[in-house]
Amino acid sequence: MDIYVARQPIFDLNEKTVAYELLYRSSAVNTYQHTDGDQATTDVIVNSFLNIGVKDLSNGKPCFINFTDNLLKLGVPSYFNPLSIVVEILETVELNDEILKICQELKSHGYTIALDDFFVSQWNELTVRLLDFIDIIKIDFRTTSRTDRLEMIRFLKGRAIRFLAEKVETIDEYLEAKEDGFVFFQGFYFSKPVILNSYDIPSYYHSYFQILKETESPEPDLEKIKDVIEKDISLSYKLLRLINNPVFRPRNEISSIKQAIILLGLNEIKKWIYVLAIRGAVTGTGNSKEREIIELSLKRGKLGELIGRKVGREVLASKYFLLGMFSLMDSLLHHPMEDLLQDLPLSNELKDALSGEKNDEYVMLQFLIDIEHAFHENLELAFNPTTMSKEELFRLYGEASDWAAKVLTEVNP
């Protein structure tokens, strides 16, 4: 399904882009469609960092992201490298001691915190205390007069707070902002928000709760968590994107979902499952074409796993599962496979095979595809790299087909 994020550049006094603000968009129409604040922010986070990819979004520059009080209390900003984001506190956030403590902790860990102009227009004791943790204050040029802006700047003189002129639309406003002491600038005068479009694989909402339930257990069962993730292509894809995201950690090569779980850690997985769950339930599995591709991907992955186990190699079983699971990722996400593989931490052997390079894994992938054709068209297998009979392979294919159909029935009856 199509997903969208808008970004608007933020400039410094030299008119150099120093950051981007990420903005919620529900369609290709470049305007904000009102929605729940939690969902808007989590949509932006998931679509930006797990679908589009931060390297295509920010060019290595920090991203301003709006956070509601609920997301602040859940600790979502702490999921990110402090250098990769600016925590922008929405005007709807109700100030209290808990919010102040959260901001203090974020500040102590090196996060940059920005305030929307709501707070600077309503001074009170909590606002003044909050200023100790604030780096940037954004002031809206459409809703404030120059007199009000100058009064705010004078009030905060002596504090290490920088001012960002927001919604600057004319050269006169830009020159006025520079003269008055603003050091950052954002608005239509420089650039309208630019929409970036990508695709997301439909997720199964109940998977989140299965994983959360297991991670809350006194003794979490990694096998159960692995099984849930393996049944959900969307979760598997996002998990690997997360591992390979330079915002969060160094790159690693992965040969199995279980390895990915161990590398990330249950606490990290739980955090991102919370974000996905907040984002909202996704009913169904997209259109009929997407469902067919998802089912075929699951079938291939399971067949590869079953063959790997039959030859007595658990490592091969895990590797072949990923091979089959991701073999149709380009069809699901409408991007060339080579581009998608750049952002996945798969082993070089798997990447080469999925790219069409004729290695051992490529031979196995073609074998899985040949079994599909032979099963449905009653053909002989031209090449069989295993010692299994055609009858045994067809039995395993039937088992894989039943498993894939059961998975889709369970999540979308």
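**Close-up 1. Strand β2 and its pairing with β3.** In this predicted model, strand β2 is mostly covered, since 7 of its 8 residues are buried. Strand β2 runs parallel to strand β3, which spans residues 63-67, and 2 bridges join the two strands. One pairing can be followed residue by residue: Y20 has C63 as its bridge partner in β3. C63 has a relative accessible area of 0% and therefore counts as buried.

**Close-up 2. The cysteines C63 and C103.** C63, the bridge partner of Y20, is shown here together with C103. Both cysteines are buried, with a relative accessible area of 0% for C63 and likewise 0% for C103. A disulfide is a covalent bond between the sulfur atoms of two cysteines. With the criterion that the two sulfur atoms lie within 2.5 Å, the count for the structure comes to 0 disulfides.

**Close-up 3. The parallel strands β4, β5 and β6.** Strand β4, comprising residues 85-89, runs parallel to strand β5, comprising residues 112-115, and the two are joined by 4 bridges. Helix α4, residues 97-108, belongs with these two strands to a right-handed β-α-β unit. On its other listed pairing, β5 runs parallel to strand β6, residues 136-140, with 2 bridges joining them. A114 of β5 appears in both pairings, for A114 is the bridge partner of E88, while in β6 the bridge partner of A114 is I136. The view can thus be read from E88 to A114 and onward from A114 to I136.

**Close-up 4. Positive phi angles at E15 and K167.** Most residues other than glycine have a negative phi. E15, although not a glycine, has a positive phi of about 60 degrees, and K167, also a residue other than glycine, has a positive phi near 60 degrees. Each of the two residues is placed in a loop: E15 lies between β1, residues 2-11, and β2, residues 17-24, whereas K167 lies between β7, residues 162-166, and α8, residues 171-180. E15 has a relative accessibility of 46% and so counts as partly exposed, and K167, at 40% relative accessibility, is likewise classed as partly exposed.

**Close-up 5. The salt bridge between E176 and R146, and the network around it.** Of the 24 salt bridges in the structure, one is formed by E176 with R146, whose closest N and O atoms are 3.9 Å apart. This pair links distant parts of the chain, with E176 in helix α8 and R146 in helix α7, residues 146-155, at a separation of 30 residues. R146 is partly exposed, its relative accessible area being 31%.

**Close-up 6. The salt bridge between K226 and E223 within helix α10.** The side chains of K226 and E223 meet in a salt bridge, with an N to O distance of 3.8 Å. Because the two residues are 3 residues apart in helix α10, which spans residues 222-230, K226 and E223 are separated by about one helical turn. The two partners fall into separate accessibility classes: K226 counts as buried at 8% relative accessibility, whereas E223 counts as partly exposed at 35%.

**Close-up 7. The salt bridge between E392 and K310.** E392 forms a salt bridge with K310, and the closest N and O atoms of the pair are 3.3 Å apart. The contact connects distant parts of the chain, as E392 belongs to helix α20, residues 390-411, and K310 to helix α14, residues 288-310, with their positions 82 residues apart in numbering. K310 is partly exposed, with a relative accessibility of 48%. Elsewhere in the structure, salt bridges that share partners join R146, R149, E176, E179 and D180 into one network.

**Close-up 8. A nonpolar surface patch of I171, L175 and Y189.** I171, L175 and Y189 form a nonpolar patch on the surface, and together the three residues have about 260 Å² of accessible area. Y189 lies in the loop between β8, residues 184-186, and β9, residues 194-199. With a relative accessible area of 31%, Y189 is partly exposed, and this value satisfies the patch criterion because residues with over 30% relative accessible area and no salt bridge are admitted.

How values were computed: Residues numbered from 1 in each chain as written. Predicted model: local features only at pLDDT ≥ 70, side-chain atom pairs only at ≥ 80, totals over all residues. Heavy atoms only, no water. Patch = residues over 30% accessible without salt bridge, like charges linked within 9 Å, V, L, I, M, F, W, Y side chains within 5 Å. Areas by Shrake-Rupley, 256 points an atom, 1.4 Å probe, with all protein chains shown as cover. Salt bridge = Lys/Arg side-chain N within 4 Å of Asp/Glu carboxyl O. Buried < 20%, exposed > 50% of the residue type's maximum accessible area, 1.4 Å probe, protein only. Pairing = 2+ DSSP bridges. Right-handed = clockwise from strand over helix to strand, strands pointing away.
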